[in-house]
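The exercises below ask you to read strands, ligand shells and enclosed space from a set of coordinates. Work through each task with the model open before turning to its solution.

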Amino acid sequence: MNKTRLGEIIKSKCIEAGFFKVGFTRAEKTYSEALYLREWLDEKRNADMQWMANNFEKRTDPSEIMEDIRSVISLSYLYDTPVAHSENRNIPKISRYAWGERDYHKIIKKKLKNLCNVINSLSPEIKTRAYVDDGPVMDKAWAVRSGIGWMGKNTNVIDPDTGSFFFLAEILINAELDYGTPVEDLCKSCNLCINACPTGALYEEYKLDANLCISYQTIENRNDIPDEINLNGWIFGCDICQDVCPFNGKNKFTTDINFLPKSQIKNKTYDELLNLSEDEFNKIFEGTPVRRTKYNGWKRNLIKAKKDL
Ligand code: B12
Ligand code: SF4
Ligand code: SF4
């Protein structure tokens, strides 16, 4: 099968599976992205995410993951819904990627596995391997190269048609495809995200210091949250730098009901959430990203955010 036909079939199968955009990139060692990653790690902008420093070779060169790789297939999966966060300051906020019924890793991984089976069945020579933020792959770098979107100054990939409220995933494949080209960076003179970030985590255009980021502090930090970081009402993740982005708000919503906010936590006050027992917490957040903080992290975030009011 020629590469154009193969690409067409892959694209239509991915769209059928619920992905919004599909982009193809030649798999090669990355240089500028590797340099940025090196600088980010050397400057300790990864905070305590030691795992970001592991597997540097694999992260910057996909042939270290799959020897005969030829292409990277990048996929976007929308998660935004028409539901708004409450404006009531007694109601803490959970970021929209995490407030739903299920963890995106599980939903998307299942789709990727099915897609890999379909693609592998197209020819006995085809081999694939899939990731959704669960391996040493720079999701954003490949998405940018493939033309799914540009790297915004808030360091999220922005699709000119939908904004940035989507997840990224990849299928690595040992076949040539017709490759996309990067889209224009439309941030231009806009600085809304940098000005809106309450902690200064976006310390320069296109650069984020995880130490200062509310998302890092509430999801990844396993220790105390520094006093000087005001959580601004966020108890798991943070959407501020995306909420202010003019490319969001295009009313392009997911059709996946798993990303609608869970009824048990919607519009609940700090005190109501602080009253949840460990069992209740485990039951409510079973199979969702919020379980990542564990009960202690959940309590820590709630207490700190309430204190910061
Ligand atoms: C580590 C990590 C985090 C860390 C650090 C974030 C970061 N910006 O790196 C923390 C915990 C803070 C985090 C937070 C969030 N994350 Co996160 N995270 C990741 C992870 C695992 C790795 C990202 C990475 O490689 N960082 C390393 C540094 C070096 O990369 P970077 O900031 O992207 O740097 C690039 C650019 O800045 C650029 N660059 C640097 N200088 C310059 C200069 C110019 C001029 C230009 C043009 C570019 C440029 O080059 C660098 C290399 O490509 C990815 C999944 C994955 N496996 O890739 C998800 C991922 C990036 N996260 C994601 C999400 C959804 C989030 C949150 C929105 C969750 C939330 N609501 O709280 C926030 C967003 C915060 C933000 N403003 O970025 C999505 C983003 C989807 C998208 N549309 O882009 C990803 C891709 C997960 C996924 N598979 O869907 N995350
Ligand atoms: S997620 Fe929040 S704290 Fe982190 S960079 Fe964006 S606005 Fe700043
Ligand atoms: S808010 Fe403005 S500068 Fe920031 S990512 Fe969006 S368009 Fe770019």
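**Exercise 1. Determine how many residues of strand S2 are buried, and which strands pair with S2.**

Solution. Step one is burial: strand S2 (residues 71-78) is mostly covered, with eight of its eight residues buried, where buried means under 20% relative accessible area, computed with a 1.4 Å probe on protein chains only. Strands here are DSSP runs of E with at least two residues, helices are runs of H or I with at least four residues, and both are numbered from the N terminus. The model is predicted, so local features need pLDDT of at least 70 and side-chain atom pairs count only at pLDDT 80 or more, while totals for chains, interfaces and linings use all residues. Residues are numbered from 1 along each chain as its sequence is written, chains are lettered from A and ligands numbered from 1 in the order in which they are written, and side-chain values use heavy atoms, with hydrogens and water left out.

Step two separates the faces. In a regular strand the side chains alternate between the two faces of the sheet. Ser71, Ile73, Leu75 and Tyr77 point one way from S2, whereas Val72, Ser74, Ser76 and Leu78 point the other way, and all are buried.

Step three is pairing, which requires that DSSP finds at least two bridges between two strands. Strand S1 (residues 21-26) runs antiparallel to S2 and is joined to it by six bridges, with Lys21 having Ser76 as its bridge partner. On S2 there is also an antiparallel pairing with strand S7 (residues 166-173) over eight bridges, in which Tyr77 is matched with Phe167 and Leu75 with Ala169.

**Exercise 2. Explain why S7 counts as largely enclosed, and find which residue of S7 stands opposite Arg129.**

Solution. Eight of the eight residues of S7 are buried, so this strand is largely enclosed by the rest of the structure. The covering extends to both faces, since Phe166, Leu168, Glu170 and Leu172 on one side and Phe167, Ala169, Ile171 and Ile173 on the other are all buried. Strand S4 (residues 128-131) is joined to S7 by four bridges in the antiparallel sense, and Arg129 stands opposite Leu172.

**Exercise 3. Describe the shell around ligand 1 and its polar contacts.**

Solution. The shell holds 36 residues, the closest being Asp139, Lys140, Val157, Tyr206 and Ser215, where a residue is near a molecule if one of its heavy atoms lies within 4 Å of it. By class there are 21 nonpolar, eight polar and seven charged residues. A polar contact is a pair of N or O atoms within 3.5 Å. An oxygen atom of ligand 1 lies 2.6 Å from an N or O atom in the side chain of Lys140, another contact places an oxygen atom of the ligand 2.9 Å from a backbone N or O atom of Leu168, and a nitrogen atom of the ligand is 3.4 Å from an N or O atom in the side chain of Asp133. The elements that give two or more residues to this shell are helix H2 (32-42), helix H5 (139-146), S7, helix H7 (214-220) and helix H8 (240-243), and the largest share, four residues, comes from H2.

**Exercise 4. Which residues surround ligand 2, and how do they divide by class?**

Solution. The surrounding residues are Cys197, Thr199, Ala201, Leu202, Leu208, Cys213, Ile214, Cys238, Ile240 and Cys241. They divide into nine nonpolar, one polar and no charged.

Note on methods:
Ala, Val, Leu, Ile, Met, Phe, Trp, Tyr, Cys and Pro count as nonpolar, Asp, Glu, Lys and Arg as charged, and the others, Gly among them, as polar. Buried means under 20% relative accessible area, exposed over 50%, partly exposed in between (1.4 Å probe, protein chains only). A polar contact is a pair of N or O atoms within 3.5 Å; within protein, one must be able to donate a hydrogen and the other to accept it, and residues adjacent in sequence count only if both atoms are side-chain atoms.
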